[in-house]
Structures are given as structure tokens and as C-alpha cells.
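Reader: I would like to go through this model with you, one question at a time. Could we begin once the sequence and structure are on display?

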Amino acid sequence: MGREVWFSEWQTDDVKLSLRVKAVLWEEKTPYQELLVVDTDAYGRVLILDGAIQTTERDEFVYHEMIAHVPLSIHPRPRRVAVIGGGDGGAIREILKHPEVEEAHLVEIDERVIAASRRFFPAIAAGLDDPRVTIHVTDGIRWVAEEARDFDVIIVDSTDPVGPAENLFGEPFYRSVAAALGPDGILVAQSESPLLEPELVRRVQRGLRAVFPVVSLYTAAVATYPTGLWTFGFGSKGPRPPRPRPDVARFATRYWTPAVQEAAFVLPPMVEELTR
Ligand code: SAM
């Protein structure tokens, strides 16, 4: 019998998610993090940063569709969009499905994540060479504060709140995002698991409430993220969730639909209490 190789993500001190590995495709220490790409039977290719699963071929569509289509279908005319983090390119691929989008900016601190995604996840990185896309390899906090102006939608597709992503999760950053947004501007930020990180979900909601007049939260089921139930913070200068505007374009999706979007804002009490 051949030797079995497993990858385990320590989701907490007491819980691991383990995937049997068919092959280790890439391993690298970048200036920012440990980058690992493995191939698995269960989830296809998996991108891992500092031991945490970022994206898998099999379930990436859930997260990328929900982080992109919710704000883009609620904004009345999303022409200029930015993604902070998101170096795999999945959010950009979904953003480009909206015909109103004229510019999509990807602001990723670690160029090696973009390179690994282009090489090992071509279907996820597919949009990165579109002429509407500009890639900025820099810190998203600095870029938003110093370079971003008049955006319609800004999406925070970050790693967990440690290391370079730590300050992407708080009121000072949301204030700077609000200043970079136009009058109908919308911010959506991934905000982790309500079961595992309730205080973080609360912190994101409080930070958004301090800055935006319209604040909400929605969820999606992402199989490979800790506990599977994921939250997204929603902050807006005007447009209100949950309903997509009636003229939103039709495009192919596997998780997002207008009805799924409306349902995603209906919160179980254990999540709803984190929004107060
Ligand atoms: N969907 C993923 C998740 O929730 O697990 C996140 C995917 S994406 C790969 C996250 C990216 O955020 C990483 O590539 C990381 O390098 C980037 N990142 C972290 N901090 C950043 C910062 N301050 N500015 C720009 N990008 C940052």
C-alpha cells in the first residue's frame, strides 16, 4: 500500500479539517506568508496560506459569487470596483460578469499569490488579464487611503485578521474606504465564522455602523471554511439590501441568484444578535 499524505488545517486547538493529498504542487515562503498548493480528491486543488485554506476548486464559487454579486447587484450602477486582497482572482472573475463594470482593481499585497493562482488555478484567475482589470501589488490599507477615489464598490477579500490583514478589520479602515467611495458606495467585507469568531463578526458590524448609514450582514455556506457558515459585512452610503435591482444582468452562477441573495440576509438569531 502507498503512503498516505494528509493536509490538516488547525481550525481551533481542538478541531482539524484534514484532506487526503494526491500531490503537493507548490510550496513557497513568500515575504508575507507560507504558500502551499495541494491537489486532493475531495476538493480538487487547494490554495493554503499560513496553514489556512483560502480557496478550493470545488467550493470556491460559493464565496466568490456571494462576495461579488451581492454588492454589484444592489449598487445602481457599479462602474468602478476594487478588491482588497483576493489575489486568487475569483472575486474579479465574478465582478467582470457585470456589464456596467468599466474598471476592476485588484489590490493584493503578495504578488506570489497572484502568480500561484495564474499557474495552478487558471479557471479562478481567468479574469486577471481582462483589459478592464488593473493589478496593484501593494498594501490595501495604504492604497485605499492614498490612491482610491470615487469607487462604487469596494470588496475586502482578505485573509484572517492576523499579519498584514489585521488592520483590514476595523473602523479606521472602514472610514478610509468610505472616503474612497462615491455617494452610493458599498463596502462588503468577509467577516469569518459566527460560531467560531462571534467577537470578530461583532467588531466588523460595529466598525461599519460607526461609518455607514446602512449596515447589514449576510451569510453563505462555504464547505472548507471553519464551521462552514460564513459571514459578510455590508456597509452602504445609500443603497439598501437585500434585493438586487430589477435590471441586473443575467449571467451563469452556481450559488448566487436574486432569491438566494434575499434569503442570505435572513439571519438565524445566533447571527442576528451579533449585528446589534
Ligand atoms: N477567500 C479567502 C478567505 O477568506 O480565506 C481570502 C482569499 S485571498 C487569497 C486573501 C488575500 O489577502 C491573500 O492573498 C493576502 O496576501 C491578501 N492580503 C492580506 N492582507 C492584505 C493587505 N493588507 N493588503 C492587500 N492584500 C492583503
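Author: This is a predicted model. A convenient place to start is strand β3, which is joined by 6 bridges to strand β4 (residues 44-49), the two running antiparallel.

Reader: In β4, which residue is the bridge partner of Val38?

Author: β3 and β4 form a hairpin with 3 residues between them, and 6 bridges link the two strands in the antiparallel sense. Within that pairing, the residue of β4 that serves as bridge partner of Val38 is Val46.

Reader: And on the side of strand β2 (residues 15-29), which residue of β3 is the bridge partner of Val21?

Author: β2 and β3 are also antiparallel, pairing over 7 bridges, and a hairpin of 4 residues joins them. The partner of Val21 in β3 is Thr40.

Reader: How many of the 7 residues of β3 are buried?

Author: Strand β3 covers residues 34-40 and is mostly covered. Taking buried to mean under 20% relative accessible area, the count for β3 is 6 of its 7 residues.

Reader: Is Thr55 buried or exposed?

Author: Thr55 is found in strand β5 (residues 52-56). Leaving out residues up to four places away in sequence, Thr55 touches Arg45, Val46, Leu47, Glu60, His64, Asp88 and Ile124. Its relative accessible area is 3%, and since the cut-off for a buried residue is under 20%, Thr55 counts as buried.

Reader: Which strands stand at the edges of the open sheet of 7 strands?

Author: The order in this sheet, whose pairing is mixed, is β8-β7-β6-β9-β10-β12-β11. An edge strand has a single partner, so one of its sides is left without a neighbour in the sheet, and the strands in this position are β8 (133-137) and β11 (214-221).

Reader: Which residue in β12 stands opposite Ala221?

Author: β11 pairs with strand β12 (residues 229-236) in the antiparallel sense, over 8 bridges. In this pairing, the residue of β12 that stands opposite Ala221 is Leu229.

Reader: What angle does the direction of helix α5 make with that of β10?

Author: Helix α3 (residues 111-120) packs on the sheet, where it touches β7 (103-108) and β8, and its direction makes about 135 degrees with that of β8. Helix α5 (residues 171-180) also packs on the sheet, touching β6 (80-85), β9 (151-157) and β10 (181-190). For helix α5 and β10, the angle between the directions is about 145 degrees.

Reader: How much of the 600 Å² that the ligand exposes when taken alone does the protein bury?

Author: The ligand is surrounded by 24 residues, of which the closest are Gln33, Glu108, Asp139, Gly140 and Tyr225. Polar side-chain atoms also approach the ligand: an N or O atom of Gln54 is 3.3 Å from a ligand oxygen atom, a polar atom of Tyr63 lies 3.3 Å from a ligand nitrogen atom, and an N or O atom of Asp157 is 3.3 Å from a nitrogen atom of the ligand. Of the 600 Å² that the ligand exposes when taken alone, the protein buries 99%.

Reader: With which residue does the side chain of Glu272 make a polar contact?

Author: Glu272 has its place in helix α8 (residues 269-272), and it counts as partly exposed because its relative accessibility is 30%. Its C-alpha atom is separated by 11 Å from that of Thr219, although the two residues are 53 apart along the chain. The polar contact of the Glu272 side chain, at 2.7 Å, is with the side chain of Arg276.

Notes. Residues are numbered from 1 along each chain as its sequence is written. This is a predicted model: local features need pLDDT of at least 70, side-chain atom pairs count only at pLDDT 80 or more; totals for chains, interfaces and linings use all residues. Side-chain values use heavy atoms; hydrogens and water are left out. Two strands pair if DSSP finds at least two bridges between them. Contact means heavy atoms within 4.5 Å. Axes are lines fitted to C-alpha atoms, for helices over the stretch in contact, and angles run from 0 to 180 degrees between N-to-C directions. A residue is near a molecule or strand if one of its heavy atoms lies within 4 Å of it. A polar contact is a pair of N or O atoms within 3.5 Å; within protein, one must be able to donate a hydrogen and the other to accept it, and residues adjacent in sequence count only if both atoms are side-chain atoms. Accessible areas come from the Shrake-Rupley method with a 1.4 Å probe; for residues, only the protein chains shown count as cover. Buried means under 20% relative accessible area, exposed over 50%, partly exposed in between (1.4 Å probe, protein chains only).
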